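Please open the model in your viewer, with the sequence panel beside it, and follow the stops below in order. At each stop you will be told what to select and what can be found there.

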Amino acid sequence: MTAASCIATCNIDNAEADIPFSNTFLPWITLSILTLLIVFVLLMFQFYGKIDFLLMRAMTACTKCSVMKKILFLLCALTTFNCIAQIPNNGFETWITAGNCMKPSGWYGTNDFSDTSGASFGVIRSADHYPAAVGNYSISIQNNVSLLPDWSALGIIWTGGLAGTDNPAFPVTGHPTSFCGYFKFFPQNNDTMRIFLALYDNGNEVSQISLETNEECWEWTSFCLSIPGYETADSGRIMMAAFYPENNLMPHGNSMLYVDNLSFDGLITSAQSIANDADRFTVFPNPATSVLHINMPFASKESLELKIYDINGRLIYNSEIAPGSSAAVVPLAAFAEGAYFIRITAGNEPVFEQQFMCIR
């Protein structure tokens, strides 16, 4: 459905009142047909990540049809937050404290089976992170064979909850072609570490890839694994362990694996590379009326520039985010109703881009 056809249809509200059937039923029949068409377009374009852009253009054009505009707003809000492939807490910046134990948000592992009043845990928050300009923490996954057969002896973690060991754990949109990140590994007694990714479509596994090594890696090292070919995927799961978690599930030594800044389709090399990671940036409310909030998961070490453009590419708002800040507030009193694009940059490098709607 094009914006032009939306405009033409929305003019139904201005039809003459001399045909009772048209006045009573035709608008609702047309609205139902239009809704079905919108759903069809959403399904057709979702794979290519273009539906949110089309909905925004249609919404801007349909200024005379309030009911249709509300439907478009709803669909736009839904698609804006679902058109980004995301790995939960991919930089391991968010942790939950339970007793003496800390657990990374969005992940599940041996800490969830351990006595939280204990002194040793298989998963630890580490201040040794990489790249240095991105975030403050990494995840340290450690074996402690002296505690066998207790769960706290095992250094292993996976996305999602208990069922995430063998089932889809987080949504994936688009078509990721590579799985990337950074790691360090300190093996003992020939332990083999493993970082594993599986993709699913409708609950069926469609592709998998893993990084495995028993060699020492004392410095932060990048990896970017090509995901074997598949047609579509709607979800994924990740598992990471400081030993090879197959067969008897037993580590051989007190090996340690560090992991940071997991991503799809390219390494995160600096704060600028976090663009379009919905798990790290929060824009709310969307749609917005009077004020827009932008939260970042880190305090920027440098000055950032915040620009907002209208749908025609005109610069509407320009502001600086000072070093040390982790949030920005945009007043919308001077904004006309419509679609806008947020762009945050460090120098000439993009940090974050996202669309939002302003309504009245």
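Begin by selecting Asn89, which counts as buried because its relative accessibility is 7%, under the 20% limit used for that word. Keep in mind from this stop onward that you are looking at a predicted model. Asn89 sits in the loop that runs between helix H5 (66-80) and strand S1 (95-98), and its phi is near 45 degrees, a positive value in a residue that is not glycine.

From here, select Pro104, a residue of strand S2 (residues 101-104), and display what surrounds it. Once its neighbours within four places in sequence are left aside, Pro104 is in contact with Asn89, the residue you have just left, and also with Phe92, Thr94, Trp95, Val123, Ile139 and Ile157. Thr94 can be picked out with a distance label, for the C-alpha atoms of Pro104 and Thr94 are 6.0 Å apart in space while the two residues are ten apart in sequence. Is Pro104 buried or exposed? With a relative accessibility of 3%, Pro104 counts as buried.

Next, move to a second asparagine, Asn202, which is found in the loop between strand S9 (193-201) and strand S10 (204-213). Phi of Asn202 is near 55 degrees, again a positive value in a residue other than glycine, but here the relative accessible area is 65%, and Asn202 is therefore exposed.

The strands on either side of that loop hold the next pair to select, Arg194 and Glu212, which form a salt bridge whose closest N and O atoms are 3.0 Å apart. This pair links distant parts of the chain, with Arg194 in strand S9 and Glu212 in strand S10, 18 residues apart. Arg194 counts as buried at 8% relative accessibility, whereas Glu212, at 36%, counts as partly exposed.

How many salt bridges does a search of the whole structure find? The search finds four, and two others among them are worth a stop. Select Asp128 and Lys184, whose side chains meet in a salt bridge with an N to O distance of 2.4 Å. This pair, too, links distant parts of the chain, since Asp128 is in the loop between S4 and S5 while Lys184 is in strand S8 (residues 178-186), 56 residues apart. Lys184 counts as buried at 8% relative accessibility, and Asp128 counts as partly exposed at 30%. Then select Asp112 and Lys103, whose side chains meet in a salt bridge at 3.5 Å, N to O. Asp112 is partly exposed, with a relative accessible area of 26%, and Lys103 counts as buried at 19%, a value that is still under the 20% limit.

Now turn to the backbone and select Tyr130 together with Pro131, because the peptide bond between them deserves a view of its own. That bond is cis, with omega near -5 degrees, and Pro131 has its place in the loop between strand S4 (123-126) and strand S5 (138-142). A further cis peptide bond runs from Leu148 to Pro149, with omega near 10 degrees, and Pro149 lies in the loop between S5 and strand S6 (156-159).

For the last part of the tour, colour strands S14, S15 and S18, which form an open sheet in the order S14-S15-S18 with antiparallel pairing. S14 and strand S18 (327-331) stand at the edges, and each has a single partner strand, so one side of each is left without a neighbour in the sheet. Neighbouring strands of this sheet are turned by 15 degrees against each other on average, direction ignored. Between S15 and S18, which run antiparallel, there are five bridges, and His293 can be shown with Val329, its bridge partner in S18.

Finish at Asn286, in the loop between strand S14 (282-284) and strand S15 (291-295). Asn286 is buried, with a relative accessible area of 13%, and a polar atom of its side chain lies 3.0 Å from the backbone nitrogen of Met357.

Notes: Residues are numbered from 1 along each chain as its sequence is written. This is a predicted model: local features need pLDDT of at least 70, side-chain atom pairs count only at pLDDT 80 or more; totals for chains, interfaces and linings use all residues. Side-chain values use heavy atoms; hydrogens and water are left out. Helices (H or I, at least four residues) and strands (E, at least two) are DSSP runs, numbered from the N terminus. Buried means under 20% relative accessible area, exposed over 50%, partly exposed in between (1.4 Å probe, protein chains only). A polar contact is a pair of N or O atoms within 3.5 Å; within protein, one must be able to donate a hydrogen and the other to accept it, and residues adjacent in sequence count only if both atoms are side-chain atoms. Contact means heavy atoms within 4.5 Å. Two strands pair if DSSP finds at least two bridges between them. Axes are lines fitted to C-alpha atoms, for helices over the stretch in contact, and angles run from 0 to 180 degrees between N-to-C directions.
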